[in-house]
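Reader: I would like a close look at one part of this model, the place where protein and nucleic acid meet. Please start there and then move outward to whatever else can be said.

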Amino acid sequence: MELYKKYPVKITNSLGGKKEEFKPIKPPFVGLYSCGPTVYNEVHLGNLRTFTAFDIVYRYLTFIGYKVRYVRNITDAGHLTNDAGQGVDRIEERAKLEQLEPMEVVQKYTVGFHEVCRIFNIIPPSIEPTATGHIVEQIEMVKQIIANGFAYEKNGSVYFDVRKFMEKHEYGVLSGRNIDELMEGSRELNRQDEKKNPVDFAIWKGVSENHIQRWPSPWGEGIPGWHLECSVMGTKYLGKEFDIHGGGMDLKFPHHECEMAQNIGAYGTPAVKYWMHSNMLTVNGQKMSKSLGNSFLPRELFTGNHPLLERGFTPMTVRFFMLQSHYASTLDFSNEALVAAEKGFKKLMQACATIKNMEHPGGKAENPELDKTILELNSECFITMSDDFNTAKTLAVLFEMVNRINDFKSGNSSVKSISESNFKEFKETFLGFVKDVLGLQEETSQSDNLVKGVIELLIELRKKARTDKNFALSDRIRDDLKALGVQLKDGKDGDIDFTID
RNA sequence: GGUUCCGUGGCCGAGUGGCUAGGCUGAGCUCUGCAAAAGCUCCUACAGCGGUUCGAAUCCGCUCGGAACCUCCA
(Lines give C-alpha, C1' and ligand atoms only; values in the text may rest on other atoms or scores of the structure.)
Protein backbone atom coordinates (compact mmCIF):
# COMPACT_ATOMS: atom_id res chain seq x y z
CA MET A 1 0.00 0.00 0.00
CA GLU A 2 1.26 3.44 -0.86
CA LEU A 3 2.34 5.52 2.07
CA TYR A 4 0.00 8.34 1.15
CA LYS A 5 -2.91 5.94 1.48
CA LYS A 6 -1.68 4.60 4.77
CA TYR A 7 -1.12 8.08 6.18
CA PRO A 8 -3.64 10.37 4.47
CA VAL A 9 -2.55 13.97 4.47
CA LYS A 10 -4.66 16.68 6.01
CA ILE A 11 -4.26 20.30 4.97
CA THR A 12 -5.67 23.45 6.49
CA ASN A 13 -7.30 25.01 3.48
CA SER A 14 -7.20 28.81 3.68
CA LEU A 15 -10.30 28.73 1.52
CA GLY A 16 -12.78 27.98 4.25
CA GLY A 17 -10.19 27.81 7.00
CA LYS A 18 -10.80 24.16 7.84
CA LYS A 19 -8.49 21.21 8.05
CA GLU A 20 -9.44 18.92 5.19
CA GLU A 21 -8.31 15.57 3.95
CA PHE A 22 -6.09 16.07 0.94
CA LYS A 23 -7.55 14.42 -2.14
CA PRO A 24 -5.55 15.13 -5.26
CA ILE A 25 -7.43 15.55 -8.50
CA LYS A 26 -5.46 12.81 -10.24
CA PRO A 27 -3.50 10.70 -7.77
CA PRO A 28 -0.68 9.84 -7.61
CA PHE A 29 -0.01 13.16 -9.36
CA VAL A 30 -0.03 16.37 -7.40
CA GLY A 31 0.16 19.90 -8.78
CA LEU A 32 1.79 22.30 -6.38
CA TYR A 33 2.29 25.99 -7.03
CA SER A 34 3.91 28.47 -4.70
CA CYS A 35 4.67 32.13 -5.10
CA GLY A 36 8.35 32.85 -5.52
CA PRO A 37 10.25 36.08 -5.00
CA THR A 38 10.18 39.38 -6.83
CA VAL A 39 13.82 39.66 -7.78
CA TYR A 40 14.46 43.35 -7.22
CA ASN A 41 16.74 42.82 -4.25
CA GLU A 42 18.11 40.20 -1.87
CA VAL A 43 15.80 37.70 -0.24
CA HIS A 44 15.70 37.91 3.55
CA LEU A 45 14.99 35.30 6.18
CA GLY A 46 11.29 36.12 6.26
CA ASN A 47 11.02 35.27 2.57
CA LEU A 48 12.99 32.15 3.23
CA ARG A 49 10.54 30.87 5.78
CA THR A 50 7.85 30.60 3.15
CA PHE A 51 10.13 28.92 0.65
CA THR A 52 11.18 26.48 3.34
CA ALA A 53 7.57 25.79 4.27
CA PHE A 54 6.67 24.78 0.73
CA ASP A 55 9.93 22.95 0.29
CA ILE A 56 8.71 20.76 3.13
CA VAL A 57 5.33 20.27 1.48
CA TYR A 58 7.08 19.25 -1.74
CA ARG A 59 9.50 16.96 0.06
CA TYR A 60 6.91 15.22 2.19
CA LEU A 61 4.37 14.63 -0.55
CA THR A 62 7.15 13.18 -2.67
CA PHE A 63 8.41 11.10 0.25
CA ILE A 64 5.06 9.38 0.75
CA GLY A 65 4.80 8.45 -2.90
CA TYR A 66 3.05 11.26 -4.73
CA LYS A 67 4.40 12.36 -8.10
CA VAL A 68 4.59 16.08 -7.49
CA ARG A 69 5.03 18.73 -10.11
CA TYR A 70 6.17 21.77 -8.19
CA VAL A 71 5.98 25.15 -9.88
CA ARG A 72 7.47 28.21 -8.23
CA ASN A 73 7.61 31.42 -10.20
CA ILE A 74 10.14 34.20 -10.40
CA THR A 75 8.57 37.63 -10.64
CA ASP A 76 10.93 39.45 -12.92
CA ALA A 77 8.55 41.93 -14.47
CA GLY A 78 8.21 45.18 -12.59
CA HIS A 79 4.93 46.12 -11.01
CA LEU A 80 3.70 49.45 -9.86
CA THR A 81 3.25 49.63 -6.12
CA ASN A 82 -0.24 50.90 -6.72
CA ASP A 83 -2.62 50.50 -9.58
CA ALA A 84 -3.52 54.15 -9.83
CA GLY A 85 -0.42 54.90 -11.82
CA GLN A 86 1.66 56.89 -9.35
CA GLY A 87 3.32 53.86 -7.80
CA VAL A 88 6.94 52.87 -8.09
CA ASP A 89 8.14 49.95 -10.13
CA ARG A 90 10.65 48.23 -7.81
CA ILE A 91 12.70 46.64 -10.52
CA GLU A 92 12.77 49.82 -12.59
CA GLU A 93 13.71 51.82 -9.49
CA ARG A 94 16.56 49.47 -8.73
CA ALA A 95 17.77 49.49 -12.33
CA LYS A 96 17.97 53.25 -12.34
CA LEU A 97 19.67 53.32 -8.97
CA GLU A 98 22.34 50.82 -9.97
CA GLN A 99 22.46 52.03 -13.58
CA LEU A 100 21.62 48.62 -14.92
CA GLU A 101 19.18 47.15 -17.38
CA PRO A 102 16.12 45.84 -15.53
CA MET A 103 17.03 42.37 -16.76
CA GLU A 104 20.48 42.75 -15.22
CA VAL A 105 18.87 43.51 -11.88
CA VAL A 106 16.62 40.53 -12.28
CA GLN A 107 19.47 38.24 -13.26
CA LYS A 108 21.62 39.33 -10.35
CA TYR A 109 18.98 38.69 -7.72
CA THR A 110 17.70 35.52 -9.34
CA VAL A 111 21.18 34.06 -9.15
CA GLY A 112 21.44 35.26 -5.56
CA PHE A 113 18.11 33.68 -4.72
CA HIS A 114 19.17 30.33 -6.14
CA GLU A 115 22.39 30.46 -4.19
CA VAL A 116 20.51 31.10 -0.96
CA CYS A 117 18.12 28.24 -1.70
CA ARG A 118 21.04 25.90 -2.26
CA ILE A 119 22.67 26.95 1.01
CA PHE A 120 19.46 26.36 2.92
CA ASN A 121 18.89 23.04 1.17
CA ILE A 122 15.68 24.13 -0.53
CA ILE A 123 15.10 21.80 -3.47
CA PRO A 124 14.68 23.51 -6.84
CA PRO A 125 11.11 23.30 -8.14
CA SER A 126 10.18 21.15 -11.13
CA ILE A 127 9.45 24.27 -13.14
CA GLU A 128 10.53 27.81 -12.31
CA PRO A 129 8.75 30.01 -14.81
CA THR A 130 9.33 33.74 -15.12
CA ALA A 131 6.78 36.46 -15.71
CA THR A 132 8.75 37.95 -18.60
CA GLY A 133 8.88 34.54 -20.26
CA HIS A 134 5.09 34.39 -20.33
CA ILE A 135 4.06 37.78 -21.68
CA VAL A 136 2.30 36.20 -24.64
CA GLU A 137 0.25 33.90 -22.44
CA GLN A 138 -0.59 36.79 -20.13
CA ILE A 139 -1.85 38.88 -23.01
CA GLU A 140 -3.98 35.95 -24.12
CA MET A 141 -5.50 35.66 -20.68
CA VAL A 142 -6.31 39.37 -20.60
CA LYS A 143 -8.05 38.99 -23.96
CA GLN A 144 -10.03 36.06 -22.61
CA ILE A 145 -11.13 37.99 -19.53
CA ILE A 146 -12.20 40.93 -21.70
CA ALA A 147 -14.06 38.56 -24.03
CA ASN A 148 -15.90 37.15 -21.03
CA GLY A 149 -16.94 40.63 -20.05
CA PHE A 150 -15.00 40.93 -16.79
CA ALA A 151 -12.48 43.57 -17.80
CA TYR A 152 -12.35 46.92 -19.57
CA GLU A 153 -9.66 48.94 -21.30
CA LYS A 154 -8.86 52.51 -20.41
CA ASN A 155 -5.99 54.62 -21.80
CA GLY A 156 -3.86 51.62 -22.71
CA SER A 157 -4.47 49.78 -19.44
CA VAL A 158 -6.87 46.93 -18.79
CA TYR A 159 -8.68 46.61 -15.46
CA PHE A 160 -10.52 43.73 -13.92
CA ASP A 161 -14.12 44.76 -13.36
CA VAL A 162 -14.85 43.51 -9.86
CA ARG A 163 -18.44 44.77 -9.77
CA LYS A 164 -19.24 43.06 -13.05
CA PHE A 165 -17.54 39.92 -11.82
CA MET A 166 -19.63 39.92 -8.68
CA GLU A 167 -22.84 39.81 -10.67
CA LYS A 168 -21.99 36.21 -11.49
CA HIS A 169 -19.33 35.13 -9.04
CA GLU A 170 -18.08 35.77 -5.55
CA TYR A 171 -15.11 37.98 -4.80
CA GLY A 172 -13.37 38.14 -1.44
CA VAL A 173 -14.11 34.61 -0.26
CA LEU A 174 -10.50 33.60 0.23
CA SER A 175 -9.51 36.60 2.33
CA GLY A 176 -12.90 37.21 3.91
CA ARG A 177 -13.20 40.68 2.41
CA ASN A 178 -16.41 42.58 2.15
CA ILE A 179 -16.26 44.67 -1.01
CA ASP A 180 -18.44 47.46 0.29
CA GLU A 181 -16.16 47.90 3.26
CA LEU A 182 -13.13 47.86 1.01
CA MET A 183 -14.63 50.66 -1.01
CA GLU A 184 -15.38 52.67 2.11
CA GLY A 185 -11.73 52.58 2.96
CA SER A 186 -10.47 53.57 -0.46
CA ARG A 187 -13.12 56.05 -1.55
CA GLU A 188 -11.22 59.27 -1.21
CA LEU A 189 -7.91 57.89 -2.55
CA ASN A 190 -7.81 58.84 -6.20
CA ARG A 191 -10.53 60.80 -7.85
CA GLN A 192 -8.78 60.95 -11.19
CA ASP A 193 -8.31 57.18 -11.17
CA GLU A 194 -8.76 55.41 -14.47
CA LYS A 195 -10.57 52.65 -12.69
CA LYS A 196 -14.35 52.54 -12.68
CA ASN A 197 -14.21 51.31 -9.17
CA PRO A 198 -11.50 51.53 -6.50
CA VAL A 199 -11.47 47.77 -6.00
CA ASP A 200 -10.79 47.09 -9.68
CA PHE A 201 -7.22 46.02 -10.37
CA ALA A 202 -4.91 46.22 -13.36
CA ILE A 203 -4.39 43.10 -15.43
CA TRP A 204 -2.44 45.06 -18.03
CA LYS A 205 -0.82 48.41 -17.28
CA GLY A 206 0.15 50.91 -19.96
CA VAL A 207 3.46 52.61 -19.16
CA SER A 208 4.91 56.03 -19.91
CA GLU A 209 7.60 56.77 -22.51
CA ASN A 210 10.53 56.66 -20.11
CA HIS A 211 9.65 53.32 -18.55
CA ILE A 212 12.35 50.81 -19.52
CA GLN A 213 10.58 47.46 -19.11
CA ARG A 214 7.71 47.34 -21.65
CA TRP A 215 6.05 44.94 -24.04
CA PRO A 216 3.74 45.52 -26.99
CA SER A 217 0.13 44.48 -26.59
CA PRO A 218 -3.22 45.06 -28.29
CA TRP A 219 -3.69 47.96 -25.85
CA GLY A 220 -0.32 49.61 -26.45
CA GLU A 221 3.04 49.14 -24.76
CA GLY A 222 2.94 48.18 -21.14
CA ILE A 223 3.53 45.60 -18.43
CA PRO A 224 1.36 42.76 -17.15
CA GLY A 225 -0.59 43.18 -13.93
CA TRP A 226 1.09 41.65 -10.91
CA HIS A 227 -1.58 39.09 -10.10
CA LEU A 228 -1.78 37.82 -13.65
CA GLU A 229 1.45 35.88 -13.95
CA CYS A 230 0.52 33.36 -11.25
CA SER A 231 -2.90 32.72 -12.80
CA VAL A 232 -1.27 32.18 -16.15
CA MET A 233 1.72 30.09 -15.16
CA GLY A 234 -0.14 28.01 -12.60
CA THR A 235 -2.78 26.93 -15.07
CA LYS A 236 -0.32 26.58 -17.94
CA TYR A 237 1.84 24.03 -16.17
CA LEU A 238 -0.58 22.43 -13.74
CA GLY A 239 -3.86 22.57 -15.61
CA LYS A 240 -7.02 24.64 -15.37
CA GLU A 241 -7.62 22.94 -12.07
CA PHE A 242 -4.82 21.91 -9.78
CA ASP A 243 -4.26 20.80 -6.22
CA ILE A 244 -2.30 23.15 -4.01
CA HIS A 245 -1.41 26.80 -4.19
CA GLY A 246 0.81 28.25 -1.50
CA GLY A 247 2.37 31.50 -0.52
CA GLY A 248 2.97 33.87 2.35
CA MET A 249 0.05 35.09 4.40
CA ASP A 250 0.63 38.62 3.18
CA LEU A 251 -0.21 37.55 -0.37
CA LYS A 252 -3.66 36.35 0.53
CA PHE A 253 -5.10 39.74 -0.24
CA PRO A 254 -5.06 41.15 -2.77
CA HIS A 255 -2.71 38.88 -4.72
CA HIS A 256 -4.33 35.48 -4.31
CA GLU A 257 -7.82 36.86 -4.19
CA CYS A 258 -7.26 38.55 -7.54
CA GLU A 259 -5.56 35.50 -8.93
CA MET A 260 -8.59 33.40 -8.18
CA ALA A 261 -10.92 36.01 -9.70
CA GLN A 262 -8.82 36.07 -12.86
CA ASN A 263 -8.96 32.32 -13.22
CA ILE A 264 -12.71 32.30 -12.83
CA GLY A 265 -12.93 35.32 -15.10
CA ALA A 266 -10.95 33.57 -17.83
CA TYR A 267 -11.82 29.91 -17.49
CA GLY A 268 -14.80 29.78 -15.21
CA THR A 269 -12.99 27.83 -12.52
CA PRO A 270 -11.06 28.99 -9.45
CA ALA A 271 -8.24 26.61 -10.45
CA VAL A 272 -7.00 25.88 -6.94
CA LYS A 273 -8.38 23.17 -4.69
CA TYR A 274 -6.32 23.79 -1.57
CA TRP A 275 -4.85 27.15 -0.61
CA MET A 276 -2.05 27.16 1.93
CA HIS A 277 -0.63 30.25 3.60
CA SER A 278 2.51 30.29 5.66
CA ASN A 279 2.77 32.78 8.46
CA MET A 280 5.25 35.56 9.03
CA LEU A 281 8.64 35.50 10.63
CA THR A 282 8.63 38.23 13.25
CA VAL A 283 11.25 40.22 15.12
CA ASN A 284 10.18 41.35 18.58
CA GLY A 285 6.67 40.40 17.61
CA GLN A 286 6.69 42.48 14.45
CA LYS A 287 6.65 41.18 10.92
CA MET A 288 10.07 40.97 9.33
CA SER A 289 9.92 43.04 6.19
CA LYS A 290 12.07 45.10 3.93
CA SER A 291 9.95 48.19 4.34
CA LEU A 292 10.10 48.06 8.14
CA GLY A 293 13.87 47.72 7.95
CA ASN A 294 13.97 44.85 10.44
CA SER A 295 14.92 42.14 8.01
CA PHE A 296 17.92 39.84 8.25
CA LEU A 297 19.88 38.90 5.16
CA PRO A 298 21.43 35.46 4.95
CA ARG A 299 24.97 36.76 5.03
CA GLU A 300 24.24 38.90 8.10
CA LEU A 301 23.12 35.72 9.74
CA PHE A 302 26.25 33.75 8.88
CA THR A 303 28.64 36.46 10.00
CA GLY A 304 26.57 37.62 12.94
CA ASN A 305 27.00 41.12 11.62
CA HIS A 306 23.65 42.42 12.78
CA PRO A 307 22.68 44.47 15.86
CA LEU A 308 20.37 41.76 17.15
CA LEU A 309 22.84 38.90 16.78
CA GLU A 310 25.63 38.14 19.22
CA ARG A 311 27.34 35.89 16.71
CA GLY A 312 26.80 34.03 13.45
CA PHE A 313 24.59 31.00 12.90
CA THR A 314 24.67 28.35 10.21
CA PRO A 315 21.96 27.86 7.59
CA MET A 316 20.94 24.49 9.01
CA THR A 317 20.52 26.00 12.46
CA VAL A 318 18.06 28.44 10.95
CA ARG A 319 16.30 25.74 9.00
CA PHE A 320 15.93 23.67 12.16
CA PHE A 321 14.76 26.74 14.05
CA MET A 322 12.03 27.37 11.48
CA LEU A 323 10.89 23.75 11.54
CA GLN A 324 10.37 23.87 15.30
CA SER A 325 7.20 25.84 14.73
CA HIS A 326 4.21 25.11 12.54
CA TYR A 327 4.19 26.93 9.21
CA ALA A 328 0.86 28.60 9.92
CA SER A 329 2.03 30.23 13.18
CA THR A 330 4.09 33.34 13.44
CA LEU A 331 7.62 32.65 14.56
CA ASP A 332 9.76 35.10 16.48
CA PHE A 333 13.36 35.46 15.45
CA SER A 334 15.83 36.10 18.24
CA ASN A 335 19.36 35.43 19.31
CA GLU A 336 18.31 33.22 22.24
CA ALA A 337 15.98 31.12 20.11
CA LEU A 338 18.78 30.53 17.62
CA VAL A 339 21.24 29.50 20.31
CA ALA A 340 18.71 26.93 21.56
CA ALA A 341 18.03 25.73 18.03
CA GLU A 342 21.72 25.31 17.35
CA LYS A 343 22.13 22.93 20.27
CA GLY A 344 19.06 20.95 19.38
CA PHE A 345 20.16 20.67 15.79
CA LYS A 346 23.60 19.39 16.77
CA LYS A 347 22.07 16.79 19.04
CA LEU A 348 19.89 15.60 16.19
CA MET A 349 22.79 15.40 13.74
CA GLN A 350 24.91 13.56 16.26
CA ALA A 351 22.22 10.92 16.52
CA CYS A 352 22.15 10.66 12.73
CA ALA A 353 25.86 9.99 12.65
CA THR A 354 25.49 7.43 15.41
CA ILE A 355 22.74 5.37 13.86
CA LYS A 356 24.26 5.54 10.42
CA ASN A 357 27.15 3.37 11.60
CA MET A 358 24.99 1.09 13.69
CA GLU A 359 24.10 -2.41 12.51
CA HIS A 360 21.82 -5.09 13.87
CA PRO A 361 23.48 -8.48 14.45
CA GLY A 362 20.29 -10.23 13.37
CA GLY A 363 17.67 -12.08 15.31
CA LYS A 364 14.39 -11.56 17.08
CA ALA A 365 13.42 -8.87 19.54
CA GLU A 366 14.64 -9.48 23.08
CA ASN A 367 12.46 -6.73 24.48
CA PRO A 368 9.00 -6.89 22.88
CA GLU A 369 7.90 -3.74 24.67
CA LEU A 370 10.69 -1.59 23.24
CA ASP A 371 10.18 -3.32 19.91
CA LYS A 372 6.61 -2.10 19.91
CA THR A 373 7.57 1.42 20.99
CA ILE A 374 10.04 1.67 18.13
CA LEU A 375 7.38 0.62 15.67
CA GLU A 376 5.02 3.28 17.02
CA LEU A 377 7.66 5.98 16.77
CA ASN A 378 8.16 5.13 13.12
CA SER A 379 4.54 5.56 12.21
CA GLU A 380 4.23 8.59 14.49
CA CYS A 381 6.62 10.43 12.16
CA PHE A 382 4.22 9.92 9.27
CA ILE A 383 1.15 10.70 11.33
CA THR A 384 2.51 14.04 12.53
CA MET A 385 3.72 15.10 9.10
CA SER A 386 0.47 14.06 7.49
CA ASP A 387 -1.28 16.26 10.02
CA ASP A 388 -0.94 19.48 8.06
CA PHE A 389 2.84 19.16 7.76
CA ASN A 390 3.39 19.60 11.48
CA THR A 391 7.18 19.69 11.56
CA ALA A 392 7.17 20.77 15.21
CA LYS A 393 5.39 17.58 16.26
CA THR A 394 7.57 15.51 13.98
CA LEU A 395 10.70 16.93 15.55
CA ALA A 396 9.35 15.99 18.97
CA VAL A 397 8.99 12.40 17.74
CA LEU A 398 12.45 12.47 16.22
CA PHE A 399 13.89 13.55 19.56
CA GLU A 400 12.20 10.58 21.18
CA MET A 401 14.04 8.50 18.63
CA VAL A 402 17.27 10.29 19.47
CA ASN A 403 16.89 9.09 23.06
CA ARG A 404 16.47 5.51 21.88
CA ILE A 405 19.48 5.81 19.58
CA ASN A 406 21.63 7.17 22.38
CA ASP A 407 20.47 4.33 24.59
CA PHE A 408 21.70 1.84 22.01
CA LYS A 409 24.99 3.65 21.80
CA SER A 410 25.64 4.02 25.51
CA GLY A 411 24.53 0.49 26.23
CA ASN A 412 21.50 1.48 28.27
CA SER A 413 19.72 -0.84 25.89
CA SER A 414 20.86 -3.07 23.08
CA VAL A 415 19.86 -3.04 19.44
CA LYS A 416 19.07 -6.70 20.04
CA SER A 417 16.15 -5.50 22.18
CA ILE A 418 14.32 -4.96 18.92
CA SER A 419 13.98 -7.14 15.88
CA GLU A 420 16.28 -6.82 12.91
CA SER A 421 13.51 -5.71 10.59
CA ASN A 422 12.26 -3.10 13.04
CA PHE A 423 15.74 -1.79 13.50
CA LYS A 424 16.15 -1.46 9.77
CA GLU A 425 12.86 0.38 9.46
CA PHE A 426 13.70 2.56 12.45
CA LYS A 427 17.00 3.57 10.94
CA GLU A 428 15.48 4.28 7.55
CA THR A 429 12.61 6.27 8.99
CA PHE A 430 14.75 8.36 11.26
CA LEU A 431 17.33 9.21 8.62
CA GLY A 432 14.66 9.62 5.97
CA PHE A 433 12.69 12.14 7.98
CA VAL A 434 15.69 14.12 9.11
CA LYS A 435 17.37 14.31 5.72
CA ASP A 436 14.75 13.83 3.03
CA VAL A 437 11.60 15.20 4.64
CA LEU A 438 12.98 17.97 6.82
CA GLY A 439 15.99 18.57 4.61
CA LEU A 440 18.44 18.84 7.48
CA GLN A 441 22.00 17.94 6.64
CA GLU A 442 25.40 17.95 8.23
CA GLU A 443 27.45 21.04 7.74
CA THR A 444 31.02 20.19 7.02
CA SER A 445 33.70 21.97 5.14
CA GLN A 446 36.55 20.43 3.17
CA SER A 447 39.16 21.25 5.77
CA ASP A 448 37.09 19.27 8.28
CA ASN A 449 38.36 16.04 6.80
CA LEU A 450 41.95 16.95 7.49
CA VAL A 451 41.08 18.11 10.99
CA LYS A 452 39.15 14.93 11.62
CA GLY A 453 42.12 12.82 10.62
CA VAL A 454 44.41 14.70 12.97
CA ILE A 455 41.96 14.47 15.85
CA GLU A 456 41.52 10.77 15.33
CA LEU A 457 45.27 10.35 15.55
CA LEU A 458 45.28 12.18 18.88
CA ILE A 459 42.40 10.04 20.06
CA GLU A 460 44.43 6.89 19.35
CA LEU A 461 47.33 8.31 21.37
CA ARG A 462 45.00 9.15 24.21
CA LYS A 463 43.53 5.66 24.21
CA LYS A 464 47.03 4.28 24.60
CA ALA A 465 47.74 6.72 27.45
CA ARG A 466 44.55 5.65 29.19
CA THR A 467 45.24 1.95 28.95
CA ASP A 468 48.68 2.74 30.40
CA LYS A 469 46.88 4.67 33.15
CA ASN A 470 48.86 7.72 32.19
CA PHE A 471 45.98 10.03 33.08
CA ALA A 472 48.16 13.12 33.18
CA LEU A 473 48.86 12.73 29.47
CA SER A 474 45.34 11.62 28.52
CA ASP A 475 43.81 14.56 30.36
CA ARG A 476 46.22 16.93 28.75
CA ILE A 477 45.25 15.74 25.27
CA ARG A 478 41.59 16.14 26.18
CA ASP A 479 41.96 19.54 27.82
CA ASP A 480 44.17 21.01 25.12
CA LEU A 481 41.77 19.86 22.42
CA LYS A 482 38.92 21.30 24.45
CA ALA A 483 40.68 24.64 24.53
CA LEU A 484 40.77 24.51 20.73
CA GLY A 485 37.04 23.76 20.59
CA VAL A 486 37.21 19.99 20.19
CA GLN A 487 35.18 18.11 22.74
CA LEU A 488 36.06 14.46 23.34
CA LYS A 489 33.45 12.07 24.66
CA ASP A 490 34.53 8.78 26.12
CA GLY A 491 32.20 5.93 25.39
CA LYS A 492 31.58 2.99 27.68
CA ASP A 493 33.40 0.43 25.57
CA GLY A 494 36.50 2.56 25.14
CA ASP A 495 35.34 4.23 21.95
CA ILE A 496 35.91 7.93 21.79
CA ASP A 497 33.75 10.43 19.90
CA PHE A 498 34.33 14.09 19.36
CA THR A 499 32.47 17.23 18.35
CA ILE A 500 33.84 20.46 16.97
CA ASP A 501 32.35 23.79 18.01
C1' G B 1 -12.11 52.54 11.29
C1' G B 2 -13.14 47.40 8.94
C1' U B 3 -11.60 42.13 8.77
C1' U B 4 -8.79 38.28 10.95
C1' C B 5 -5.42 36.05 14.24
C1' C B 6 -2.68 35.44 18.72
C1' G B 7 -1.53 35.71 24.26
C1' U B 8 1.16 28.46 26.97
C1' G B 9 6.26 26.89 32.37
C1' G B 10 13.00 30.83 33.08
C1' C B 11 13.27 31.23 27.19
C1' C B 12 11.55 29.25 22.28
C1' G B 13 7.46 26.53 20.78
C1' A B 14 3.47 22.12 19.83
C1' G B 15 -1.32 20.95 21.39
C1' U B 16 -7.37 22.82 20.79
C1' G B 17 -12.77 19.17 25.63
C1' G B 18 -10.30 14.27 29.98
C1' C B 19 -4.10 11.09 28.54
C1' U B 20 4.02 13.60 30.00
C1' A B 21 4.65 17.51 23.34
C1' G B 22 9.58 18.67 22.18
C1' G B 23 14.08 21.84 22.12
C1' C B 24 17.12 25.18 25.23
C1' U B 25 18.26 26.61 30.36
C1' G B 26 18.62 25.34 35.82
C1' A B 27 18.82 21.33 39.83
C1' G B 28 19.56 16.17 41.16
C1' C B 29 20.77 10.98 40.13
C1' U B 30 23.19 6.99 37.14
C1' C B 31 27.39 5.86 34.16
C1' U B 32 32.83 7.38 34.20
C1' G B 33 39.95 7.06 36.71
C1' C B 34 38.18 12.34 36.68
C1' A B 35 35.42 15.21 33.19
C1' A B 36 32.35 15.66 28.99
C1' A B 37 28.57 13.24 26.49
C1' A B 38 24.41 10.23 27.20
C1' G B 39 20.12 8.25 29.93
C1' C B 40 16.63 9.15 33.85
C1' U B 41 14.03 12.48 37.37
C1' C B 42 12.44 17.32 38.97
C1' C B 43 11.15 22.82 38.38
C1' U B 44 3.95 20.25 35.94
C1' A B 45 2.45 26.21 32.50
C1' C B 46 -1.76 27.70 29.66
C1' A B 47 -3.23 36.75 29.99
C1' G B 48 -7.52 38.19 33.52
C1' C B 49 -12.67 37.60 34.88
C1' G B 50 -17.27 35.11 34.21
C1' G B 51 -20.14 31.10 31.80
C1' U B 52 -21.23 26.04 29.42
C1' U B 53 -19.75 20.97 30.99
C1' C B 54 -19.12 15.28 35.18
C1' G B 55 -14.53 17.62 33.28
C1' A B 56 -11.55 23.52 29.67
C1' A B 57 -5.22 25.74 28.15
C1' U B 58 -8.83 23.74 24.55
C1' C B 59 -15.96 25.81 23.64
C1' C B 60 -18.85 30.74 24.67
C1' G B 61 -18.89 35.96 26.54
C1' C B 62 -16.43 40.21 28.37
C1' U B 63 -11.79 42.81 29.74
C1' C B 64 -6.61 43.72 29.07
C1' G B 65 -2.31 43.17 25.87
C1' G B 66 0.06 42.12 21.02
C1' A B 67 0.09 41.28 15.73
C1' A B 68 -1.37 40.80 10.48
C1' C B 69 -4.25 42.33 6.25
C1' C B 70 -7.13 46.49 4.13
C1' U B 71 -0.70 50.13 -0.18
C1' C B 72 4.61 46.89 -2.56
C1' C B 73 5.94 42.77 0.59
C1' A B 74 7.02 35.57 1.64
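Which side chain has an N or O atom 3.4 Å from a base oxygen of RNA strand B?

Author: The model is predicted. The side chain in question belongs to Ser474, with an N or O atom 3.4 Å from a base oxygen of RNA strand B. Other side chains make their polar approach to the backbone of the strand. Asn47 places a polar side-chain atom 3.1 Å from a sugar or linking oxygen of RNA strand B, and for Asn406 the corresponding distance, again to a sugar or linking oxygen, is 3.0 Å.

The atom count gives the wider picture of this contact. Among the atoms of RNA strand B that lie within 4 Å of the protein, 68% are sugar or phosphate atoms, and the rest belong to bases. On the protein side, 61 residues surround the strand, and those that come nearest are Thr81, Trp226, Leu251, Lys287 and Met288. Sorted by class, this surface consists of 26 polar, 20 charged and 15 nonpolar residues. Helix α14, which spans residues 391–410, supplies the largest share of it, with nine residues.

Next comes the empty space inside the protein. Rolling a probe the size of a water molecule over the atoms shows where empty space is left. With a threshold of 30 Å³ or more, one cavity is counted. The largest cavity holds about 110 Å³ of space. Its lining is made up of Arg49, Thr52, Ala53, Ile56, Met322, Leu323, Ser325, His326, Tyr327, Phe389 and Thr391. Two elements, α2 (45–63) and α11 (315–323), each give two or more residues to this lining. The most comes from α2, with four residues. By class, the lining of the largest cavity has six nonpolar residues, four polar and one charged. Domain 1 (3–278) and domain 2 (283–296 + 304–437) each contribute at least three residues to the lining.

Charged pairs can be treated briefly. The model has 28 salt bridges. One of the pairs is Glu98 with Arg94, whose side chains meet at 2.8 Å, N to O. Both residues sit in helix α3 (residues 90–98), and because they are four residues apart there, about one helical turn separates Glu98 from Arg94.

A few backbone details remain, beginning with the cis peptide bonds. The bond from Pro27 to Pro28 is cis, with omega near 5 degrees, and Pro28 belongs to the loop between β2 (18–21) and β3 (29–34). Phe253 and Pro254 are also joined by a cis peptide bond, where omega is about 0 degrees. Pro254 has its place in a helix, α9 (residues 252–267). Asn121 is not a glycine, yet its phi is positive, at about 60 degrees. This residue lies in the loop between α4 (102–119) and α5 (135–147).

To return to the starting point, the side chain of Ser474 reaches a base oxygen of RNA strand B, whereas Asn47 has its polar side-chain atom by a sugar or linking oxygen, as does Asn406.

How values were computed: Residues are numbered from 1 along each chain as its sequence is written. Chains are lettered from A and ligands numbered from 1 in the order in which they are written. This is a predicted model: local features need pLDDT of at least 70, side-chain atom pairs count only at pLDDT 80 or more; totals for chains, interfaces and linings use all residues. Side-chain values use heavy atoms; hydrogens and water are left out. A residue is near a molecule or strand if one of its heavy atoms lies within 4 Å of it. A polar contact is a pair of N or O atoms within 3.5 Å; within protein, one must be able to donate a hydrogen and the other to accept it, and residues adjacent in sequence count only if both atoms are side-chain atoms. Ala, Val, Leu, Ile, Met, Phe, Trp, Tyr, Cys and Pro count as nonpolar, Asp, Glu, Lys and Arg as charged, and the others, Gly among them, as polar. On a 1 Å grid over the protein atoms alone, a cavity is a set of points where a 1.4 Å probe fits but cannot get out, and a pocket is an open set with protein on both sides within 12 Å along at least five of seven lines; lining residues have an atom within 4 Å of a point. Grid points are joined across faces, edges and corners, and a volume is the space filled by probe spheres set on the points. Domain bounds come from an automatic or database domain assignment. A salt bridge is a side-chain nitrogen of Lys or Arg within 4 Å of a carboxyl oxygen of Asp or Glu.
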